[in-house]
Amino acid sequence: MGDSFEDLEDPPVAVTTVTQNRWLSDNFKERALGTAIWSVLKAKRKRLKYGEGFIAHFYDISEHVSPTLAWGFLGTNAKLKQTCLDFKECWMDFVRSLFNIRRVSYVNVDALSEDILKLSYKWAGIVQQIVDTQTPL
């Protein structure tokens with residue numbers, strides 16, 4: 001997910017050319033962006049050693065989440081963009097907290113997994129609050 005956020009900070013020229021084209025409708029731009037993301041994920045999926053492994057399932061989720069996030073960051077809907085920015089900030093805080101020795105105990109696997117689960121519930125709740133408080137897009 002972090003890689004995706006970095007990619008969106010400096011998207012390929014072809015993507016920005018389409019998303020910034022005033023002659024194309026927003027619907028067309030959104031679909032084109034979704035198609036481009038789907039194509040990249042399909043190519044990555046073909047290179048997987050284990051077609052039913054963890055990363056394959058991660059790509060399944062990414063196929064649904066990534067186009068919306070990309071359109072949120074690159075598209076024209078200000079409310080969606082703000083929601084995506086809030087989500088990104090929450091995600092980055094979650095990742096930072098995973099590597100914070102004051103928040104996560106690395107003493108043993110049980111303590112580590114318990115702390116990660118607690119943080120996951122905490123940050124999922126924060127993201128849910130953001131989504132619940134946003135006005136309809």
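User: Let's start at the beginning of H5. Which backbone nitrogen does a side-chain oxygen of Asn77 reach?

Analyst: Keep in mind that this is a predicted model. A polar contact is a pair of N or O atoms within 3.5 Å. Here, a side-chain oxygen of Asn77 comes to within 3.0 Å of the backbone nitrogen of Lys79, at the start of H5.

User: And how far apart are the end C-alpha atoms of H5?

Analyst: Work out the expected span, then compare. H5 covers residues 78–98, and at 1.5 Å a residue its 21 residues should span 30 Å. The end C-alpha atoms are 30 Å apart, so the two agree.

User: Which residues of H5 are buried?

Analyst: The general idea helps with reading such a list: an α-helix has 3.6 residues a turn, so residues three or four places apart point the same way. In H5, the buried set is Leu80, Thr83, Cys84, Lys88, Cys90, Phe94, Ser97 and Leu98. Across the protein, 26% of the 137 residues count as buried.

User: At what angle do the axes of H5 and H6 cross?

Analyst: Angles over 145 degrees count as roughly antiparallel. The axes of H5 and H6 (residues 109–133) cross at roughly 165° and come within 10 Å, and the two helices are therefore roughly antiparallel. Their crossing is right-handed.

User: Which residues meet there, between H5 and H6?

Analyst: From H5, the contacting residues include Phe87, Cys90, Phe94 and Leu98; among their counterparts in H6 are Ile116, Leu119, Trp123 and Ile130.

User: How many helices and strands does the protein have?

Analyst: There are 6 helices and 0 strands.

Note on methods: Residues are numbered from 1 along each chain as its sequence is written. This is a predicted model: local features need pLDDT of at least 70, side-chain atom pairs count only at pLDDT 80 or more; totals for chains, interfaces and linings use all residues. Side-chain values use heavy atoms; hydrogens and water are left out. Helices (H or I, at least four residues) and strands (E, at least two) are DSSP runs, numbered from the N terminus. The expected span of a helix is 1.5 Å times one less than its number of residues. Buried means under 20% relative accessible area, exposed over 50%, partly exposed in between (1.4 Å probe, protein chains only). A polar contact is a pair of N or O atoms within 3.5 Å; within protein, one must be able to donate a hydrogen and the other to accept it, and residues adjacent in sequence count only if both atoms are side-chain atoms. Axes are lines fitted to C-alpha atoms, for helices over the stretch in contact, and angles run from 0 to 180 degrees between N-to-C directions. Angles under 35 degrees count as roughly parallel, over 145 as roughly antiparallel, 65 to 115 as roughly perpendicular and the rest as oblique. A crossing is left-handed if the near helix is turned anticlockwise from the far one by less than a right angle, and right-handed if clockwise. Contact means heavy atoms within 4.5 Å.
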